[in-house]
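Trainee: I would like to take a close look at a single part of this model. Could you walk me through one helix with care?

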Amino acid sequence: MTTSQETERPVEDDNERNGARAVETARLEAFDADRVEAAVRELLIGIGEDPDREGLRDTPARVARSYRELFAGLFTEPSAVLERTFSEDHDELVLVRDIPLFSMCEHHLLPFSGVAHVAYLPGSDGRVTGLSKLARLVDLYARRPQVQERLTTQVADALDHTLGARGVLVVIDAEHQCMSARGVRKPGSRTTTSAVRGILKSSASTRAEALGLIRH
């Protein structure tokens, strides 16, 4: 005998899969692979290389495929992942630490990578989002041409506005290849940024608790 709960789950799963496919289709349609390939070919010529030699012949297509993945966050609304919530009557801190992130600095199109720590206090209704959604939120905002300061702010604002959190703290720690591989060439140097909203900004003790858990 099948319960009503069991019969509802496949429909929900189908809706999620259909929604994911719709987002993927829109993303693929917005991405112009041919234009990226042509630009990469011109770039290779510009640096003095021969794009027709064996080792580079397929490079424009490879770069186009990788860019479609690296910049996938341009073609969706990252905050939408927070729209599905659960009523848990939870009014204490929720923290996910050490979320790996990889993004591309928009100034030199070189990567920066590190970790994000995301904490929030649920709104007055006590509703929470899935823990994986916090990681997904970071990942989608990171998959755009970025600067670390903006990335930190975007994640915090999404939690503040979409989730309606009473308080938000986002800390990102990353190493930038534009500092490690060129320019000042200081490998190992790291940049830390933070964004604080709501009660986590106004209450020093609550903020200290969150920061203490991050450092634990």
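Which residues are exposed on the other side of α2?

Mentor: Bearing in mind that this is a predicted model, the residues exposed on that other side of α2 are D34, R35, E42 and G46. The helix itself runs over residues 33-46, and its 14 residues reach 20 Å from the first C-alpha to the last, which is close to the 20 Å expected at 1.5 Å a residue. Within α2, V36, V40 and L44 are buried, and, seen down the axis of the helix, the buried residues fall within an arc of 75°, so they line one face of α2. That buried face has a partner, since the buried residues of α2 pack against α3, which covers residues 59-70. After the helix comes G48, a residue whose phi is positive, near 95°.

For the wider setting, it helps to turn to the nonpolar cores. The largest nonpolar core has 31 residues, and those with the most contacts inside it are V118, Y120, L137, L151, V155, L159 and V170. The elements that give two or more residues to this core are β2 (94-105), β3 (110-121), α4 (131-142), α5 (148-161) and β6 (167-176), and the largest share, six residues, comes from α4. Apart from this core lies another, of nine residues, including L93, L200, A210 and I214. To take one residue of the largest core, V170 touches H117, V118, T152, V155, A156, L159, T193, S194 and A195, leaving aside residues up to four places away in sequence.

Conventions
Residues are numbered from 1 along each chain as its sequence is written. This is a predicted model: local features need pLDDT of at least 70, side-chain atom pairs count only at pLDDT 80 or more; totals for chains, interfaces and linings use all residues. Side-chain values use heavy atoms; hydrogens and water are left out. A nonpolar core is a set of buried Ala, Val, Leu, Ile, Met, Phe, Trp, Tyr and Cys residues joined through side-chain atoms within 4.5 Å. Buried means under 20% relative accessible area, exposed over 50%, partly exposed in between (1.4 Å probe, protein chains only). Helices (H or I, at least four residues) and strands (E, at least two) are DSSP runs, numbered from the N terminus. Contact means heavy atoms within 4.5 Å. The expected span of a helix is 1.5 Å times one less than its number of residues. The arc is that of the directions from the helix axis to the C-beta atoms.
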